[in-house]
Amino acid sequence: MTGKKNICVLISGNGSNLQALMDACDAGRINGTISAVIANNADAFGLERARNADITTHCLSHKQFESREAYDLALGDLIAQYDADCIVLAGFMRILTPEFVARFSGKLLNIHPSLLPKYRGLHTHQRAIENKDAEHGVSVHYVTPELDGGPVIVQSRVPVFEEDTVEDLAERVSEQELRIYPLVVKWFCEGRLAMKENKAVFDDEILPETGYASD
(Lines give C-alpha, C1' and ligand atoms only; values in the text may rest on other atoms or scores of the structure.)
Protein backbone atom coordinates (compact mmCIF):
# COMPACT_ATOMS: atom_id res chain seq x y z
CA MET A 1 0.00 0.00 0.00
CA THR A 2 1.22 3.48 -0.84
CA GLY A 3 2.01 6.09 1.81
CA LYS A 4 -0.70 7.90 3.67
CA LYS A 5 -2.68 10.49 1.72
CA ASN A 6 -3.17 14.05 2.88
CA ILE A 7 -6.85 14.84 3.40
CA CYS A 8 -8.33 18.31 3.73
CA VAL A 9 -11.91 18.56 5.01
CA LEU A 10 -14.16 21.56 4.35
CA ILE A 11 -17.09 22.17 6.70
CA SER A 12 -19.72 24.73 7.61
CA GLY A 13 -21.47 23.22 10.61
CA ASN A 14 -21.68 20.41 13.13
CA GLY A 15 -19.06 18.16 11.58
CA SER A 16 -20.68 14.76 12.10
CA ASN A 17 -19.23 13.41 8.86
CA LEU A 18 -15.89 14.94 9.80
CA GLN A 19 -16.02 13.01 13.08
CA ALA A 20 -16.70 9.76 11.21
CA LEU A 21 -13.69 10.41 8.99
CA MET A 22 -11.49 11.29 11.96
CA ASP A 23 -12.53 8.08 13.73
CA ALA A 24 -11.84 5.99 10.62
CA CYS A 25 -8.38 7.54 10.22
CA ASP A 26 -7.59 7.01 13.90
CA ALA A 27 -8.65 3.36 13.65
CA GLY A 28 -6.46 2.80 10.59
CA ARG A 29 -9.42 2.08 8.31
CA ILE A 30 -8.40 4.99 6.07
CA ASN A 31 -4.81 5.12 4.83
CA GLY A 32 -4.73 8.88 5.22
CA THR A 33 -4.21 11.79 7.57
CA ILE A 34 -6.53 14.74 7.96
CA SER A 35 -4.00 17.54 7.58
CA ALA A 36 -6.42 20.43 7.96
CA VAL A 37 -10.06 21.28 8.56
CA ILE A 38 -11.29 24.51 6.98
CA ALA A 39 -14.61 26.19 7.75
CA ASN A 40 -16.29 29.24 6.27
CA ASN A 41 -18.15 29.75 9.54
CA ALA A 42 -16.33 30.52 12.80
CA ASP A 43 -19.16 28.95 14.82
CA ALA A 44 -18.93 25.58 13.07
CA PHE A 45 -18.78 22.96 15.82
CA GLY A 46 -16.66 20.79 13.55
CA LEU A 47 -13.76 23.15 14.21
CA GLU A 48 -13.92 22.21 17.89
CA ARG A 49 -14.02 18.53 17.00
CA ALA A 50 -10.85 18.98 14.95
CA ARG A 51 -9.07 21.02 17.62
CA ASN A 52 -9.88 18.34 20.19
CA ALA A 53 -8.13 15.86 17.90
CA ASP A 54 -5.10 18.16 17.46
CA ILE A 55 -5.89 18.73 13.78
CA THR A 56 -4.95 22.10 12.27
CA THR A 57 -8.00 24.30 11.70
CA HIS A 58 -8.71 27.43 9.71
CA CYS A 59 -11.74 29.69 9.46
CA LEU A 60 -11.88 31.44 6.12
CA SER A 61 -15.06 33.47 6.10
CA HIS A 62 -16.60 34.21 2.71
CA LYS A 63 -17.91 37.46 4.19
CA GLN A 64 -14.39 38.90 4.04
CA PHE A 65 -14.24 38.63 0.24
CA GLU A 66 -15.82 40.78 -2.42
CA SER A 67 -16.67 37.94 -4.76
CA ARG A 68 -17.11 34.18 -4.92
CA GLU A 69 -14.10 34.01 -7.24
CA ALA A 70 -11.87 35.87 -4.77
CA TYR A 71 -12.95 33.60 -1.94
CA ASP A 72 -12.37 30.42 -3.90
CA LEU A 73 -8.93 31.61 -4.99
CA ALA A 74 -7.93 32.19 -1.34
CA LEU A 75 -9.49 28.89 -0.30
CA GLY A 76 -7.60 27.05 -3.01
CA ASP A 77 -4.31 28.67 -2.00
CA LEU A 78 -4.92 27.62 1.61
CA ILE A 79 -5.65 24.03 0.60
CA ALA A 80 -2.54 23.98 -1.60
CA GLN A 81 -0.38 24.67 1.46
CA TYR A 82 -1.27 21.18 2.69
CA ASP A 83 -0.51 19.42 -0.60
CA ALA A 84 -3.91 17.75 -0.28
CA ASP A 85 -4.44 14.50 -2.17
CA CYS A 86 -8.12 14.44 -1.29
CA ILE A 87 -10.48 17.32 -0.52
CA VAL A 88 -13.61 16.21 1.30
CA LEU A 89 -16.66 18.47 1.40
CA ALA A 90 -18.45 17.53 4.62
CA GLY A 91 -21.41 19.87 4.89
CA PHE A 92 -19.57 22.75 3.22
CA MET A 93 -22.42 25.09 2.31
CA ARG A 94 -20.79 26.89 -0.58
CA ILE A 95 -21.29 26.63 -4.32
CA LEU A 96 -17.79 26.33 -5.74
CA THR A 97 -16.66 28.24 -8.82
CA PRO A 98 -15.68 26.37 -11.98
CA GLU A 99 -12.13 27.67 -11.55
CA PHE A 100 -11.84 26.11 -8.09
CA VAL A 101 -13.29 22.81 -9.27
CA ALA A 102 -10.90 22.71 -12.25
CA ARG A 103 -7.94 23.43 -9.98
CA PHE A 104 -8.64 20.36 -7.86
CA SER A 105 -10.43 18.18 -10.40
CA GLY A 106 -10.45 14.52 -9.44
CA LYS A 107 -9.60 15.30 -5.82
CA LEU A 108 -12.94 16.75 -4.70
CA LEU A 109 -15.52 14.53 -3.00
CA ASN A 110 -18.96 15.57 -1.77
CA ILE A 111 -21.83 13.89 0.04
CA HIS A 112 -25.39 14.91 -0.83
CA PRO A 113 -28.57 13.86 1.01
CA SER A 114 -30.56 12.52 -1.93
CA LEU A 115 -30.44 9.80 -4.54
CA LEU A 116 -28.84 11.88 -7.24
CA PRO A 117 -29.72 13.05 -9.82
CA LYS A 118 -32.91 13.52 -7.81
CA TYR A 119 -33.18 16.60 -5.59
CA ARG A 120 -30.05 18.56 -6.25
CA GLY A 121 -29.61 21.59 -4.01
CA LEU A 122 -31.29 22.20 -0.65
CA HIS A 123 -34.26 20.88 1.36
CA THR A 124 -33.95 17.36 -0.02
CA HIS A 125 -35.77 15.61 2.86
CA GLN A 126 -38.74 17.98 2.67
CA ARG A 127 -38.98 17.48 -1.09
CA ALA A 128 -38.91 13.69 -0.75
CA ILE A 129 -41.73 13.79 1.82
CA GLU A 130 -43.83 16.26 -0.18
CA ASN A 131 -43.51 14.09 -3.28
CA LYS A 132 -44.52 10.99 -1.29
CA ASP A 133 -41.39 9.11 -2.32
CA ALA A 134 -41.17 5.53 -1.14
CA GLU A 135 -37.41 5.81 -0.72
CA HIS A 136 -34.80 8.48 -0.20
CA GLY A 137 -31.11 8.33 0.51
CA VAL A 138 -27.64 9.74 0.14
CA SER A 139 -25.01 9.93 -2.60
CA VAL A 140 -21.24 10.37 -2.50
CA HIS A 141 -19.97 11.86 -5.73
CA TYR A 142 -17.08 13.59 -7.38
CA VAL A 143 -17.44 17.36 -7.61
CA THR A 144 -17.74 18.93 -11.06
CA PRO A 145 -18.80 22.45 -12.04
CA GLU A 146 -22.43 21.31 -12.28
CA LEU A 147 -24.11 21.65 -8.86
CA ASP A 148 -24.50 18.17 -7.33
CA GLY A 149 -23.98 16.85 -10.85
CA GLY A 150 -20.67 15.00 -10.61
CA PRO A 151 -20.41 11.24 -11.17
CA VAL A 152 -21.84 9.19 -8.32
CA ILE A 153 -19.51 6.80 -6.48
CA VAL A 154 -21.87 5.23 -3.94
CA GLN A 155 -25.52 5.60 -2.99
CA SER A 156 -27.38 4.26 0.03
CA ARG A 157 -31.16 4.09 0.20
CA VAL A 158 -33.56 4.42 3.13
CA PRO A 159 -37.34 3.99 3.30
CA VAL A 160 -39.69 6.94 3.63
CA PHE A 161 -42.63 6.29 5.95
CA GLU A 162 -45.98 8.04 5.75
CA GLU A 163 -45.64 9.52 9.22
CA ASP A 164 -42.06 10.75 8.72
CA THR A 165 -41.08 14.27 9.65
CA VAL A 166 -38.11 16.01 8.04
CA GLU A 167 -36.15 15.30 11.23
CA ASP A 168 -37.02 11.59 11.13
CA LEU A 169 -35.86 11.25 7.56
CA ALA A 170 -32.75 13.36 8.12
CA GLU A 171 -31.69 11.11 10.99
CA ARG A 172 -32.18 7.97 8.91
CA VAL A 173 -30.15 9.42 6.06
CA SER A 174 -27.42 10.66 8.40
CA GLU A 175 -26.85 7.14 9.68
CA GLN A 176 -26.05 6.06 6.15
CA GLU A 177 -23.84 9.10 5.52
CA LEU A 178 -21.64 8.17 8.46
CA ARG A 179 -21.29 4.67 7.03
CA ILE A 180 -20.55 5.30 3.37
CA TYR A 181 -18.45 8.49 3.38
CA PRO A 182 -15.49 6.95 5.26
CA LEU A 183 -15.73 3.95 2.93
CA VAL A 184 -15.39 6.12 -0.17
CA VAL A 185 -12.48 8.09 1.32
CA LYS A 186 -10.84 4.77 2.20
CA TRP A 187 -11.13 3.65 -1.43
CA PHE A 188 -9.77 6.97 -2.65
CA CYS A 189 -6.75 6.81 -0.36
CA GLU A 190 -6.05 3.26 -1.53
CA GLY A 191 -5.89 4.47 -5.13
CA ARG A 192 -8.93 2.44 -6.15
CA LEU A 193 -11.02 5.45 -7.22
CA ALA A 194 -10.54 7.90 -10.05
CA MET A 195 -12.53 10.26 -12.22
CA LYS A 196 -11.93 9.85 -15.94
CA GLU A 197 -13.85 11.68 -18.68
CA ASN A 198 -16.48 12.71 -16.13
CA LYS A 199 -17.05 9.10 -15.05
CA ALA A 200 -16.34 7.53 -11.66
CA VAL A 201 -13.93 4.62 -12.03
CA PHE A 202 -13.48 1.98 -9.31
CA ASP A 203 -10.86 -0.75 -9.65
CA ASP A 204 -10.46 0.25 -13.32
CA GLU A 205 -14.16 -0.27 -14.03
CA ILE A 206 -16.52 2.57 -14.93
CA LEU A 207 -19.29 2.75 -12.33
CA PRO A 208 -22.97 2.93 -13.31
CA GLU A 209 -24.87 6.19 -12.84
CA THR A 210 -26.08 5.08 -9.41
CA GLY A 211 -22.55 4.27 -8.26
CA TYR A 212 -20.94 1.16 -6.83
CA ALA A 213 -23.83 0.13 -4.64
CA SER A 214 -27.42 1.10 -4.12
CA ASP A 215 -28.70 -0.55 -0.96
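How do the residues of the lining of the second largest pocket divide into nonpolar, polar and charged? In this predicted model, they divide into 7 nonpolar, 3 polar and 4 charged residues, and the report below sets that pocket beside the largest one before turning to the helices and to two features of the backbone.

## Pockets

The second largest pocket has a volume of about 260 Å³. Among the 14 residues that line this pocket, those closest to its centre are G149, G150, P151, V152 and E209.

The largest pocket holds about 830 Å³ of space, and 34 residues line it, of which G91, F92, M93, I111 and H112 are the closest to its centre. Several elements take part in the lining of the largest pocket, since at least two residues each are supplied by helix α1, strand β5 (108–112), helix α5 (124–130) and helix α6 (166–189). Strand β5 gives the largest share, with 3 residues. Sorted by class, the lining of the largest pocket has 14 nonpolar, 16 polar and 4 charged residues.

## Helix α1 and its two partners

Helix α1 (residues 16–26) comes within 9 Å of helix α2 (residues 45–52), taken axis to axis, and the two cross at roughly 20 degrees. Angles under 35 degrees count as roughly parallel, and α1 and α2 are therefore roughly parallel to each other. The crossing in which α1 passes α2 is right-handed. On the side of α1 the contact is made by S16, L18, Q19 and M22, while α2 brings G46, R49 and A50; by class, this contact has 3 nonpolar, 3 polar and 1 charged residues.

Helix α1 also packs against α6, at an angle of about 50 degrees and with the axes 9 Å apart. The helices α1 and α6 are therefore oblique to each other, and α1 passes α6 in a right-handed crossing. Here S16, N17, A20, L21 and A24 of α1 meet E177, L178, Y181, P182 and V185 of α6, and by class the contact of α1 with α6 has 7 nonpolar, 2 polar and 1 charged residues. Residue S16 of α1 thus appears in the contact with α2 and again in the contact with α6.

The angles and classes of the two helix pairs are set out below.

| Helix pair | Crossing angle | Contact residues by class |
|---|---|---|
| α1 and α2 | roughly 20 degrees | 3 nonpolar, 3 polar, 1 charged |
| α1 and α6 | about 50 degrees | 7 nonpolar, 2 polar, 1 charged |

## The loop between β5 and α5

Most residues other than glycine have a negative phi, and most peptide bonds are trans. Against that background, two places in the chain deserve a look. The peptide bond that leads from L116 to P117 is cis, with omega near 15 degrees, and P117 has its place in the loop between β5 and α5. Residue H123 has a positive phi of about 60 degrees although it is not a glycine, and H123, too, is found in the loop between β5 and α5. The elements that flank this loop, β5 and α5, are among those that each supply at least two residues of the lining of the largest pocket.

Conventions: Residues are numbered from 1 along each chain as its sequence is written. This is a predicted model: local features need pLDDT of at least 70, side-chain atom pairs count only at pLDDT 80 or more; totals for chains, interfaces and linings use all residues. Side-chain values use heavy atoms; hydrogens and water are left out. Axes are lines fitted to C-alpha atoms, for helices over the stretch in contact, and angles run from 0 to 180 degrees between N-to-C directions. Helices (H or I, at least four residues) and strands (E, at least two) are DSSP runs, numbered from the N terminus. Angles under 35 degrees count as roughly parallel, over 145 as roughly antiparallel, 65 to 115 as roughly perpendicular and the rest as oblique. A crossing is left-handed if the near helix is turned anticlockwise from the far one by less than a right angle, and right-handed if clockwise. Contact means heavy atoms within 4.5 Å. Ala, Val, Leu, Ile, Met, Phe, Trp, Tyr, Cys and Pro count as nonpolar, Asp, Glu, Lys and Arg as charged, and the others, Gly among them, as polar. On a 1 Å grid over the protein atoms alone, a cavity is a set of points where a 1.4 Å probe fits but cannot get out, and a pocket is an open set with protein on both sides within 12 Å along at least five of seven lines; lining residues have an atom within 4 Å of a point. Grid points are joined across faces, edges and corners, and a volume is the space filled by probe spheres set on the points.
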